[in-house]
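The following exercises concern a predicted model of a single protein chain. Each task is followed by a worked solution.

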Amino acid sequence: FARKMGKKIIYDLHEIMPEQFLPERLSFLNPVLWKVLKTQLSLVDGVISVSEEALRMMLEKTGIDKPKLCLPNYATGGVSFGNCVKNSEIAVVGGTHRKISIDSNLLNEIKRNFKLISIGTTCNIADEELPFMDYRLMMERISKVKFTLLAFQSRTDPQYVNDIYSLPNKLYDSLAAGTPVILDSRFVSMKRIVEDTQTGVVLDLVEPSKRSSSFLNDSEAYDLYLDNLRSNYDEFVWDSSKEDIFLDFVSNVLKS
């Protein structure tokens, strides 16, 4: 309808749609949804996604080439780094009730050293569940924990593409709050960000090595994470420069 009216269309894809819309028991229908996505992409003038890897996968699999922009889920604002005292806590953050996949021995080792809290989500491994919070209050609370744990699993398959190519708000919120992350190595897109900026620990959390828990007491590495969070702060927060990039993309699509 929009095409018939001569309108420009920008398609904002926050998930890999054909893999997201069906439960696992109906996954045999995914090829149909990929055909739907191919048709949709053929009709639009530009595509936006939150992950470069997810965007590349969708365009390559459909064989469609369109003007594109990766616009991650940046934090709305950060927290003053100052002299914030870090509690002996690790946080799980988010509004979705997804399974946390982590080796039981590693989890027990973490719990010997830290209190595990959840913010705004039900979490069966948490020692304390805190309610959903106003954004500013949530950011201040995240800034007080030592790490944020990113180990969620949405489907039976640990390589589910909407997980491994995700770049969720909780990653950028944690980094903008000055808190390093503990990240499962299967998360391709998040791993790229964390390793490029050296702002957290990347581990195989399901089958960890015997030395995986060594990060718990590595104060020198932790100080480096904090330094890198300060120096890379602009990479994690929405600002006028990112808004300009977005507006330029929209303007170029409208002119095309």
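**Exercise 1. Determine what share of the residues in the protein chain is buried, and describe the accessible surface.**

Solution. A residue is classed as buried when its relative accessible area is under 20%. Of the 256 residues in the protein chain, 50% are buried. The accessible surface of the chain amounts to about 13300 Å². Carbon and sulfur atoms contribute 51% of that surface.

**Exercise 2. Assess whether the radius of gyration agrees or disagrees with that of a compact globule.**

Solution. For 256 residues, a compact globule would have a radius of gyration near 18 Å. The protein chain has 20 Å, which agrees with this expectation. The extents of the C-alpha trace along its principal axes are about 60 × 45 × 30 Å. As for secondary structure, the chain holds 10 helices and 11 strands. Finally, among contacts with a separation of 6 or more, 68% join residues 24 or more positions apart.

**Exercise 3. State how far apart the mean positions of the positive and negative charges are, and how many salt bridges are counted.**

Solution. The protein chain carries 31 positive and 35 negative charges. Their mean positions lie 6 Å apart. For the second part, a side-chain nitrogen of Lys or Arg must be within 4 Å of a carboxyl oxygen of Asp or Glu. The count under this rule is 9 salt bridges.

**Exercise 4. Analyse the pair Arg192 and Glu53: which elements does it tie together, and is each residue buried or partly exposed?**

Solution. The two side chains form a salt bridge with an N to O distance of 2.7 Å. Arg192 belongs to helix H8 (residues 188–197) and Glu53 to helix H3 (residues 52–62), so the salt bridge ties together parts that are 139 residues apart in sequence. Arg192 has 24% relative accessibility and therefore counts as partly exposed. Glu53, at 11% relative accessibility, counts as buried.

**Exercise 5. Carry out the corresponding analysis for Glu128 and Lys115.**

Solution. The closest N and O atoms of this salt bridge are 2.5 Å apart. Glu128 is in strand E7 (residues 128–130) and Lys115 in strand E6 (residues 115–119), and the two residues are 13 residues apart. Glu128 is partly exposed, with a relative accessible area of 29%. Lys115 is partly exposed at 35% relative accessibility.

**Exercise 6. Decide whether Arg186 and Asp184 are buried or exposed, and give their salt-bridge distance.**

Solution. The side chains of Arg186 and Asp184 meet in a salt bridge of 3.7 Å, N to O. Arg186 and Asp184 are both buried.

Technical notes
Residues numbered from 1 in each chain as written. Predicted model: local features only at pLDDT ≥ 70, side-chain atom pairs only at ≥ 80, totals over all residues. Heavy atoms only, no water. Helix = DSSP H or I, 4+ residues; strand = E, 2+ residues; numbered from the N terminus. Rg over C-alpha atoms; globule rule 2.2 N^0.38 Å. Buried < 20%, exposed > 50% of the residue type's maximum accessible area, 1.4 Å probe, protein only. Contact = heavy atoms within 4.5 Å. Areas by Shrake-Rupley, 256 points an atom, 1.4 Å probe, with all protein chains shown as cover. Lys, Arg positive; Asp, Glu negative; His and termini not counted. Charge placed at Lys NZ, Arg CZ, Asp CG, Glu CD.
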